[in-house]
Amino acid sequence: MSADARILAAEPGCHLFPAQGEAGCGFEAPSIGMFFPEPWLGGIPGSDGIDLYLVLLVVALGASLLLWSWFSKKLSLVPGRRQGVGEMFVLFIRDQITRPTMGAKGDKFIPLMTAIFTLIVFMNISGLIPGMLPVNSDLSFPAMFALFIFVLTLVVGMRQQGGWGYIRNQIFPPGMPKPIYVLVTPIETLSVFIIRPVTHALRLFATMFAGSLLLAVFAYGGWYMLSIGAEPALAAVSVLFSGAAVIGYILFFVFEILIMLVQAFIFTLLASLYLNQSLEAAH
Amino acid sequence: MDIAAIEGNLNSIGYGISVIGAGIGVGIVFGLGMQAIARQPEARGPLQTNIFLGFALIEALAILGFVLAFAI
């Protein structure tokens, strides 16, 4: 099954109540295979080839570049309407994400956090178009984001606190009785250097993956239950069934928009939280 | 069409069980966080930071369950 499974007409003919004189067939729920679209141009060594994800990634990148270059065109001291909206977004990032986590010294990371937030929002939103997938439902994209943040925290931390000083502050949190370190150090090492970056990537991936699978199940089930060709009584019942599925689809569609925005927010917030621990020693 | 037969992967049930704990934990974190902010509104900044740090740590367990559901 390809990514086209989201397009309702992809597998016609199979319905809950079979048409008169036809054998019935079972429901085939959308599977994980939905997230591995066929590459259009394969055979590139070390990659999956050029597929839907890459195109959507380029579109998301272009959209966020366009948005921010449009916002920052002809800047003036007294903002016009367009610049005012752009400044509102930046202020949102500053007041909700970087200031509460890093304080005033994190202000130099506002452009980075704005860029990450915008790009992740666009990469998630692409999943709302029927037949498309959120770019982040392929693990490699959130993994690259998280890897970038992880390397950035290492570099910033080692610059601010010195190479060994940063690692020591992370794995030997100061201000504890000596014997406690036997317990704390392995946990902190595991947490900071393995669990933290891995879950940072997986959180974004898992929510996008599960969300678009859920939407696909509703769309697919609605189409499966709609059996116009059956006997009139059964056809009427099937229209009711698939109406319920369509209502569910719409509700979860709205819910999914919310989830996509919240996950982009949480990813950026956690990124700046992790950066804060490099900026200042634990105390 | 055999309706009574249950097909599928046992891993998803395991994932469901593993999420119970994380769900309770996330509820406690945000519930007590809201309570703390209501009692001390001017401490919202650091409280919010710590709420999200705790949330991230707890949700890591649910995410590990999600990964193991597919990996094993």
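I call a residue buried if 20 or more other C-beta atoms lie within 10 Å of its own. I kept in mind that this is a predicted model.

**Entry 1: a short helix.** With that cut-off I looked up helix α5 of chain A, residues 163-171. Its buried residues are A:Tyr166, A:Asn169 and A:Gln170. Where do they sit around the axis of α5(A)? They cover an arc of only 100 degrees, which puts them on the same side of α5(A). Next I checked what covers these buried residues, and the cover includes α4 (140-161), α6 and α7 of chain A.

**Entry 2: two packed helices.** Two of those names made me curious, and I turned to how they pack. I learned that a packed pair is described by the angle between the axes and the distance between the axes. For helix α6 (residues 181-225) and helix α7 (residues 232-279) of chain A, I found an angle of about 170 degrees and axes 8 Å apart. That makes α6(A) roughly antiparallel to α7(A). I also noted the residues of their contact: 16 are nonpolar, 9 polar and 2 charged.

**Entry 3: the record.** In UniProt, an unreviewed entry lists "transmembrane region" for several stretches of chain A, among them 139-158 and 257-275. I looked at both in the model. Residues 139-158 of chain A are 95% helix and 0% strand, with end C-alpha atoms 28 Å apart. For residues 257-275 of chain A, I got 100% helix, 0% strand and 27 Å between the end C-alpha atoms.

**Entry 4: the second chain.** How many residues of chain B are in contact with chain A? I found 12, and they meet 12 residues of chain A. The chain B side of this contact has 8 nonpolar, 3 polar and 1 charged residues.

Note on methods. Residues are numbered from 1 along each chain as its sequence is written. Chains are lettered from A and ligands numbered from 1 in the order in which they are written. This is a predicted model: local features need pLDDT of at least 70, side-chain atom pairs count only at pLDDT 80 or more; totals for chains, interfaces and linings use all residues. UniProt positions are given in the numbering used here, feature names are shortened, and annotations may be inferred rather than shown by experiment. Helices (H or I, at least four residues) and strands (E, at least two) are DSSP runs, numbered from the N terminus. Axes are lines fitted to C-alpha atoms, for helices over the stretch in contact, and angles run from 0 to 180 degrees between N-to-C directions. Angles under 35 degrees count as roughly parallel, over 145 as roughly antiparallel, 65 to 115 as roughly perpendicular and the rest as oblique. Ala, Val, Leu, Ile, Met, Phe, Trp, Tyr, Cys and Pro count as nonpolar, Asp, Glu, Lys and Arg as charged, and the others, Gly among them, as polar. A residue is buried if 20 or more other C-beta atoms lie within 10 Å of its own, exposed if 12 or fewer, and partly exposed in between; C-beta atoms are placed from the backbone. The arc is that of the directions from the helix axis to the C-beta atoms. Two residues are in contact if their C-beta atoms, placed from the backbone, lie within 7 Å.
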